[in-house]
Each structure stands twice: as C-alpha cells, then as structure tokens.
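Dear colleague,

I am passing on the structure we spoke of, and below it you will find my notes on what turned up in it. Please read them with the coordinates open beside you.

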Amino acid sequence: MMNVVSQSRAPVHPRTLFADTARDTTPTGVAEELVSLLEPTSIAADQYRALRYTIETFRKESGLRVLGVTSASPGDGKTVTTLNRAGALAQAQDARVLIIDADLRKPSVTAYLGLPTRRSPGLTHALRDDRYELADIVHHMKGFNLSVVTAGTPTPSPYELLSSARLDVLLGQARRDYDCVVIDTPPAVLLPDCRVIERWVDGFLIVVCAHKTPRRMVAEALNQFDPEKVLGCVFNGDDRTAARYYGHYGYYGGEDSSSKSFWRRLIHRS
C-alpha cells in the first residue's frame with residue numbers, strides 16, 4: 001500500500017535552537033525543524049503523528065520493526081523526516097525507538113540533533129570491529145525518549161561496510177531491544193548503498209520534495225526496491241495552506257483505479 005503524506009516545511013539546513021532539557025540527558029543544540037521533539041503539540045508535529053499512525057498500522061499488520069527512510073535525490077528532506085518520524089513514535093511514554101544514521105557518505109543526524117560531530121563510537125566502528133555490540137554504540141537522549149546510533153568516523157568504503165554481515169548482526173540486536181528502528185539512508189538513485197541496506201530492513205519510506213524532485217527520479221527510486229518493501233512516499237515541502245493540506249491525506253495502492261492513475265501521473269508526466 002502506498003501512503004502519501006504532505007509536510008508543510010521545505011527541507012532546509014539545520015538551524016540550532018536550545019532544548020529546554022537537562023544538559024546531562026539531552027544535547028543543548030537541536031535543529032528547529034525537528035518539531036516532533038521541540039514543538040510536539042504544534043500543527044506541524046501533527047503531520048508526523050499522522051505518519052506515525054500509518055507506520056504503527058503497518059507494524060500491527062505485518063510486524064514491521066526496522067524502517068529505512070530514503071529519497072530520490074539529495075536535499076529532499078529525508079533526514080528531517082527520519083528524525084521527526086522517530087520523534088513522533090517516541091512520544092508514547094513506553095516506546096523504545098532507535099535512530100541509526102546509515103548515510104555514511106554524508107551523515108547529518110549529529111548536526112540536526114546537536115550531538116558532537118566526532119562523537120564516537122558509531123556505526124562505522126561496529127561494522128569494522130565485531131568487539132562492539134549495539135549497546136556500545138548507542139547514545140541515549142532521555143529528554144526525548146530516543147536512542148541514537150551516529151554514523152561514526154568517515155570511511156572511504158561505505159558500500160563495503162554496509163555489505164558486511166555485521167550490519168545484519170547489529171540490526172538483529174536492535175530488533176531484540178527496540179520496538180522500532182528508523183534508519184536514515186543515502187539517496188536511492190545516485191548511490192548503491194540502499195540496495196544493500198534493503199536486505200536488512202522491513203520496509204522503506206521514500207521522501208519526495210514538492211516542486212523539486214523530478215518524476216523520473218521518483219520512478220527510478222521506486223524501481224530500486226522490491227515493491228513489497230516500499231511502504232509509501234512522504235510528500236515534503238508542500239506549500240498548500242493547512243486547511244487544504246488536511247483535505248489531501250490519501251492512501252494510494254491496491255486495486256483502486258484512481259490510485260493507479262495518481263501514480264501514473266506522478267511518475268510519467270514530464
């Protein structure tokens with residue numbers, strides 16, 4: 001089933017605000033785009049709660065636990081979507097939510113969450129060295145009820161690291177310890193990394209930026225994956241008013257003819 005969700009904010013570079021939480025449990029700088037963390041009662045955060053509801057439905061119906069978030073091209077807002085989506089899930093008091101930054105070529109989770117850029121150990125450390133368990137590389141943000149695995153130190157060979165069976169081992173530990181694991185991955189079309197990560201995840205969300213992402217790239221991104229693993233698309237950066245926005249939630253897929261025509265128009269129109 002394909003799900004189209006619209007976000008009102010266009011993707012931008014993180015601008016830092018100060019979180020009103022204890023310094024010893026939460027980093028001081030968090031990007032203001034992370035509304036699920038900083039403004040959980042806002043209308044913008046409600047949009048991510050709608051996405052949360054959809055994902056929780058998938059979890060109940062199919063046991064989905066490990067979710068990848070990607071985009072057709074850079075700059076479409078996938079990292080903001082990843083973090084806000086995880087933040088919406090973490091609003092449940094008993095939720096156990098883990099974020100993993102698997103974009104080893106251009107990691108940005110640390111910048112958005114206000115974590116030290118060189119914070120270690122991270123994912124690359126555990127992929128290279130099997131002495132690391134998942135618990136050794138998890139950083140806890142208790143003020144936000146989130147756990148985070150940063151990308152770790154840069155690597156010249158991210159594809160080889162992500163191809164390692166170590167990733168399967170670490171995600172197996174994550175499945176054991178967390179209710180939901182959200183993975184920020186590289187863009188799907190330009191790089192081969194997502195095709196490797198696909199083996200270890202239960203499903204993908206593909207972020208599409210309004211007025212920016214070419215339809216042909218959306219089609220290419222969709223064709224990268226097993227159709228059974230494409231949960232849907234998040235339509236990001238929509239400039240409609242909130243009133244119009246709330247009238248345009250929709251589910252597209254299955255046998256509905258209007259669904260097929262929607263995706264045909266989305267993908268094939270120039």
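**Notes on the model**

Phe204 counts as buried, at 0% relative accessibility. Before I say what surrounds Phe204, please bear in mind that this is a predicted model, and that every value below was computed from it.

To set the scene, the secondary structure of the protein comes to 12 helices and 11 strands. Of its 270 residues, 55% count as buried, and among the contacts between residues at least 6 apart in sequence, 78% join residues that are at least 24 apart.

**The aromatic pair**

The count of aromatic pairs comes to 1. Phe204 and Phe225 form this pair, which is stacked, with 4.4 Å from centre to centre and 25° between the planes. Phe204 belongs to strand E9 (residues 203–209), whereas Phe225 sits in the loop between helix H10 (215–224) and strand E10 (230–236), so the pair ties together parts that are 21 residues apart in sequence. Phe225 also counts as buried, because its relative accessibility is 5% and the cut-off for that class is under 20%.

**Strand E5 and its partners**

What becomes of strand E5 (residues 97–101) in the fold, given that 5 of its 5 residues are buried? It is largely enclosed by the rest of the structure, so the burial runs along the strand. In a regular strand the side chains alternate between the two faces of the sheet. In E5 both faces are covered, with Val97, Ile99 and Asp101 buried on one side and Leu98 and Ile100 buried on the other.

E5 is joined to two strands that I would look at together. With strand E7 (residues 146–149) it shares 4 bridges, and the two run parallel; within this pairing Leu98 stands opposite Ser147 and Ile99 stands opposite Val148. With strand E8 (residues 180–184) E5 shares 5 bridges, again in a parallel arrangement, and here the bridge partner of Asp101 is Asp184.

E7 is likewise covered on both faces, with Leu146 and Val148 buried on one side and Ser147 and Val149 buried on the other. It is also joined by 3 bridges to strand E6 (residues 139–141), and these two run antiparallel. His139 stands opposite Val148 in this pairing, and Val148 is the residue of E7 that stands opposite Ile99 as well.

**Two residues with positive phi**

E6 and E7 form a hairpin with 4 residues between them, and Asn145, which lies in the loop between these strands, has a positive phi of about 60° although it is not a glycine. At 29% relative accessibility, Asn145 counts as partly exposed.

His211, in the loop between E9 and H10, is another residue other than glycine with a positive phi, in this case near 65°. Is His211 buried or exposed? With a relative accessible area of 71%, His211 is exposed.

**Two buried threonines**

Thr185 is placed in the loop between E8 and helix H9 (193–197), and at 0% relative accessibility it counts as buried. A polar atom of its side chain lies 3.0 Å from the backbone oxygen of Val69. Not counting residues up to four places away in sequence, Thr185 touches Gly68, Val69, Thr70, Lys78, Asp103, Cys194, Ile197 and Phe204, so that this list brings us back to Phe204 of the aromatic pair.

Thr124, which has its place in helix H5 (residues 123–128), is buried too, with a relative accessible area of 1%. Leaving aside its neighbours within four places in sequence, Thr124 is in contact with Leu104, Ala151, Gly152, Thr153, Thr155 and Leu161.

**A helix crossing**

Finally, the axes of helix H2 (residues 43–62) and helix H3 (residues 78–89) come within 9 Å and cross at roughly 75°. H2 and H3 are therefore roughly perpendicular to each other, since angles of 65 to 115 degrees are classed in that way. At the crossing, Tyr48, Arg49, Leu51, Arg52, Ile55 and Glu56 in H2 meet Val80, Thr81, Asn84, Arg85, Ala88 and Leu89 in H3.

With best wishes

Definitions and conventions: Residues are numbered from 1 along each chain as its sequence is written. This is a predicted model: local features need pLDDT of at least 70, side-chain atom pairs count only at pLDDT 80 or more; totals for chains, interfaces and linings use all residues. Side-chain values use heavy atoms; hydrogens and water are left out. Rings of Phe, Tyr and Trp (its six-membered ring) pair if their centres lie within 6.5 Å; planes under 30 degrees apart count as stacked, over 60 as edge-to-face and the rest as tilted. Buried means under 20% relative accessible area, exposed over 50%, partly exposed in between (1.4 Å probe, protein chains only). Two strands pair if DSSP finds at least two bridges between them. A polar contact is a pair of N or O atoms within 3.5 Å; within protein, one must be able to donate a hydrogen and the other to accept it, and residues adjacent in sequence count only if both atoms are side-chain atoms. Contact means heavy atoms within 4.5 Å. Axes are lines fitted to C-alpha atoms, for helices over the stretch in contact, and angles run from 0 to 180 degrees between N-to-C directions. Angles under 35 degrees count as roughly parallel, over 145 as roughly antiparallel, 65 to 115 as roughly perpendicular and the rest as oblique.
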